[in-house]
Amino acid sequence: MSVTTRTPTAESAGPPPPARAHWQHRLAERGVDRHLWLLTPALLFVVLLFLYPFFYGLGLSFQPTEGGPFSDYARFFSDAYQRDTIWTTLGLALPAALLNVVASVPIAYRMRGRFRGKRLVTILLVVPITLGTVLTAQGLLNFLGPTGWFNRVLSGLHLTDEPIRLVHNYWGVFFSLVITGFPFAFLLVLSYLSGIDPTLERAAATLGAGWWQRFRMITLPLLMPGLATTFCLTFVLAFSVFPSAVLVGNPAGETRVISIAAYQAAYEQYDYPYASAIAMIMGLIELVVIAVVLFARTRFYTGSTGGKG
Amino acid sequence: MTAGAKAFSQLRLEGVSRRFGGHDALRDLDLTIEAGEFVALLGPSGCGKSTALNCLAGLLPLTAGSIWQDERRIDTLPPERRGFGMVFQNYALFPHMSVRANIAFGLRMRRLPKDEIRRRTDEAVRLVRLEDHAGKLPGQLSGGQQQRVAIARAVVLEPSLVLMDEPLSNLDAKLRLEMRTEIRRLHQSLGLTTVYVTHDQEEALSLADRLVVLREGRVQQIGSPEELHTRPANWHVADFMGYRNLWTMRVREAADGTVAVELDGLRLVGVPVGPVAPGDEVIVAVRPEDVRVDQAGATTNAVPAQIEVVEYQGRELAAEAVTAAGSRVHLRTDQRVAPGDQVTLSIDPQRLLVFPGDAAATRPADPATAVVEEPGLVG
Ligand SMILES: Nc1ncnc2c1ncn2[C@@H]1O[C@H](COP(=O)(O)OP(=O)(O)O)[C@@H](O)[C@H]1O
Ligand SMILES: [Mg+2]
């Protein structure tokens with residue numbers, strides 16, 4: 001690498017060649033060179049805005065207002081009302097992330113070639129990213145609410161007698177998670193798919209594989225690691241759901257997610273150690289899910305797929 | 001299910017054409033391939049060779065024409081129903097499958113019994129001598145080994161036709177020669193019908209029974225290696241077949257069988273290929289190995305020149321000489337010549353081919369400028 005490009009220094013011109021390489025060469029061999037300075041802003045950022053608050057919170061969670069260091073954790077798990085927020089959140093985040101990934105695959109698969117209007121379709125699919133949760137919630141209330149267009153059309157067609165309840169409950173939050181999470185999943189899957197060399201499928205075709213066999217035996221196995229990563233990312237996004245759980249959900253009941261529990265501890269009871277403990281539990285659950293998915297990912301081929309990256 | 005697996009006696013391409021936008025990538029290809037034949041499609045990069053092959057394989061729809069397997073029309077069949085084997089330029093091995101699984105893939109698609117799949121896969125692995133690597137992933141193999149897997153994967157199905165798209169172009173020179181022999185050996189021992197695409201005239205000449213020379217999507221000439229080597233149909237083919245000396249000259253006299261041409265006082269006699277008349281601008285083509293260096297007095301077609309560049313090539317020297325009028329002459333000789341030597345070159349009139357010039361275009365100064373940029377869109 002950079003070893004060969006270094007200009008010889010004064011001492012290397014001396015007659016006996018040194019037994020050990022110059023310290024600069026040895027450092028360069030380990031990837032240590034002047035460009036390392038470029039990492040400083042990012043490192044500073046990580047330390048100040050992530051590591052410090054994290055360890056502060058971690059420390060705080062072990063200093064409850066009363067009881068031993070683990071008493072806030074014990075309190076969370078012994079209270080069914082609190083404990084159930086884990087299942088509520090997982091019940092929202094896992095299906096939503098799964099749907100986002102699964103729905104992205106056929107659309108991205110269809111869209112990976114070049115065709116007229118591709119840019120327009122991509123923009124339409126990705127626009128929800130720019131909306132933000134609050135605007136999405138507003139839209140959902142207008143569209144799916146008891147007097148929204150959706151129910152008006154249904155009752156206009158005499159398909160239903162009573163409006164179907166699709167907001168202020170589980171489904172409102174679920175739709176909101178899908179609308180905001182899908183564009184991320186789609187863009188990621190599309191880029192993973194275009195990293196797979198299209199001649200592989202052509203080769204499979206000449207060997208007698210129909211389109212479903214080509215997809216199932218060639219494209220899907222090569223795409224699986226990408227799908228696992230995409231799942232993890234959309235899952236994390238969905239797991240920390242807060243605004244939509246309040247705005248289009250039922251924050252006191254069926255969509256009382258774990259971040260609401262943390263919020264209430266911090267800003268309604270002003271019990272920061274308890275809130276920190278809940279936040280730590282939240283992070284731990286995310287880690288467990290990600291670890292499981294990434295472990296499953298290692299069972300697939302993760303090497304080069306010969307595409308254009 | 002396995003529609004195309006049975007052999008045919010003849011494969012006919014009738015007016016096969018393919019357009020991309022307003023650009024003809026392939027135009028009116030008429031070709032009849034007999035069973036067991038080895039046909040090479042030859043031409044510079046971008047001339048439509050891959051397009052032709054992809055049309056045959058069913059990977060590209062035709063814009064005009066038809067393809068017939070005996071009396072059955074096959075250009076409307078999808079690739080998986082044609083039963084042709086294909087070897088891609090970048091091999092296109094399935095990276096997540098072992099060598100063995102790659103080779104067995106086509107057999108599994110045919111839903112053959114398990115033990116037959118095992119038997120035929122083993123056989124194919126042996127055929128390409130990869131017994132020691134059967135369990136590895138393609139990424140763990142060298143280029144030549146990957147190439148052999150690609151060939152084994154295509155031939156294990158005993159396809160009625162094998163298509164190869166520049167299969168050797170990613171290999172180094174020594175391996176290329178070895179694999180060339182191997183491909184020919186496989187072709188002979190399995191009796192395969194093969195269509196082979198290459199831009200390397202030497203490769204095509206050594207492998208094929210019949211050559212199809214393409215240029216800008218059109219067929220220039222179809223013939224045996226011998227025919228193409230000695231009697232190119234036009235100067236483009238000559239250029240491609242190793243006639244490195246191409247001079248634009250003017251016809252003085254044209255009698256039947258011979259023609260006299262002139263440029264800046266230099267007069268040469270040669271054989272006309274195509275209609276030439278006195279006064280025409282023509283292109284004179286001579287192979288470097290047909291230019292002789294004569295010490296003694298001149299005979300016909302004597303050209304005084306000065307040696308300018310000499311390249312050592314083992315038994316022979318390749319040299320470039322310049323005539324008094326400034327024309328460059330490429331030659332090969334076993335005599336020791338050195339830069340600066342004054343020599344008299346001579347050319348056998350039978351080996352000096354006189355082609356009618358293109359009406360519009362003049363000969364490009366450098367053969368490289370005639371090569372169309374490869375877009376890299378289709379294999
Ligand atoms: N998918 C494509 N879209 C547009 N033009 C193409 C496409 N594939 C090939 N072409 C054009 O067709 C011509 C022939 O290409 P190709 O058959 O790949 O040449 P080669 O003889 O090098 O294999 C080229 O000029 C190329 O620009
Ligand atoms: Mg090509």
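**Entry 1: cavities.** I began with the largest cavity in this predicted model, and its volume comes to about 70 Å³. My search of the whole structure had turned up three cavities of 30 Å³ or more. I then listed the residues that line the largest one, among them Trp247(B), Met249(B), Leu266(B), Leu268(B), Thr323(B), Ser327(B), Leu345(B) and Ile347(B). Strand 11 (245-255), strand 13 (266-272) and strand 19 (342-347) of chain B are the elements that each give two or more residues to this lining. Sorting the lining residues by character, I counted nine nonpolar and two polar, with no charged residue.

**Entry 2: a sheet in chain B.** I next looked up an open sheet of five strands in chain B, which run in the order 15-19-16-17-18 with antiparallel pairing. Strand 15 (291-294) and strand 18 (328-333) of chain B each have a single partner strand, so at these two edges one side is left without a neighbour in the sheet. From one strand to the next, the twist averages 45 degrees. Following one of the pairings, I found that strand 17 (residues 316-323) and strand 18 of chain B are joined in the antiparallel sense over six bridges, and that Leu317(B) has Thr333(B) in strand 18 as its bridge partner.

**Entry 3: a hairpin in chain B.** I turned to strand 9 (residues 210-215) and strand 10 (residues 218-223) of chain B, which pair in the antiparallel sense over five bridges. Arg215(B) stands opposite Arg218(B) of strand 10. Two residues lie between the strands of this hairpin, and I noted that Glu216(B) takes a positive phi near 50 degrees there.

**Entry 4: aromatic rings.** Over all chains I counted 24 aromatic pairs. I looked up Phe50(A) and Phe54(A), a stacked pair at 6.1 Å centre to centre with 15 degrees between the planes. Both residues belong to helix 2 (residues 40-61) of chain A and are four residues apart, about one turn of the helix. Phe50(A) is exposed at a relative accessible area of 52%, whereas Phe54(A), at 35%, is partly exposed.

I then checked Phe242(A) and Tyr263(A), which form a tilted pair at 5.3 Å centre to centre with 45 degrees between the planes. Phe242(A) sits in the loop between helix 10 (211-239) and helix 11 (243-247) of chain A, and Tyr263(A) in helix 12 (residues 258-267) of chain A, so this pair ties together parts that are 21 residues apart in sequence. Phe242(A) is partly exposed at 27% relative accessibility, and Tyr263(A) is partly exposed at 38%. Finally, I noted one aromatic cluster, formed by Tyr109(A), Trp211(A), Trp212(A) and Phe215(A).

Definitions and conventions. Residues are numbered from 1 along each chain as its sequence is written. Chains are lettered from A and ligands numbered from 1 in the order in which they are written. This is a predicted model: local features need pLDDT of at least 70, side-chain atom pairs count only at pLDDT 80 or more; totals for chains, interfaces and linings use all residues. Side-chain values use heavy atoms; hydrogens and water are left out. Two strands pair if DSSP finds at least two bridges between them. Axes are lines fitted to C-alpha atoms, for helices over the stretch in contact, and angles run from 0 to 180 degrees between N-to-C directions. On a 1 Å grid over the protein atoms alone, a cavity is a set of points where a 1.4 Å probe fits but cannot get out, and a pocket is an open set with protein on both sides within 12 Å along at least five of seven lines; lining residues have an atom within 4 Å of a point. Grid points are joined across faces, edges and corners, and a volume is the space filled by probe spheres set on the points. Ala, Val, Leu, Ile, Met, Phe, Trp, Tyr, Cys and Pro count as nonpolar, Asp, Glu, Lys and Arg as charged, and the others, Gly among them, as polar. Rings of Phe, Tyr and Trp (its six-membered ring) pair if their centres lie within 6.5 Å; planes under 30 degrees apart count as stacked, over 60 as edge-to-face and the rest as tilted. Buried means under 20% relative accessible area, exposed over 50%, partly exposed in between (1.4 Å probe, protein chains only).
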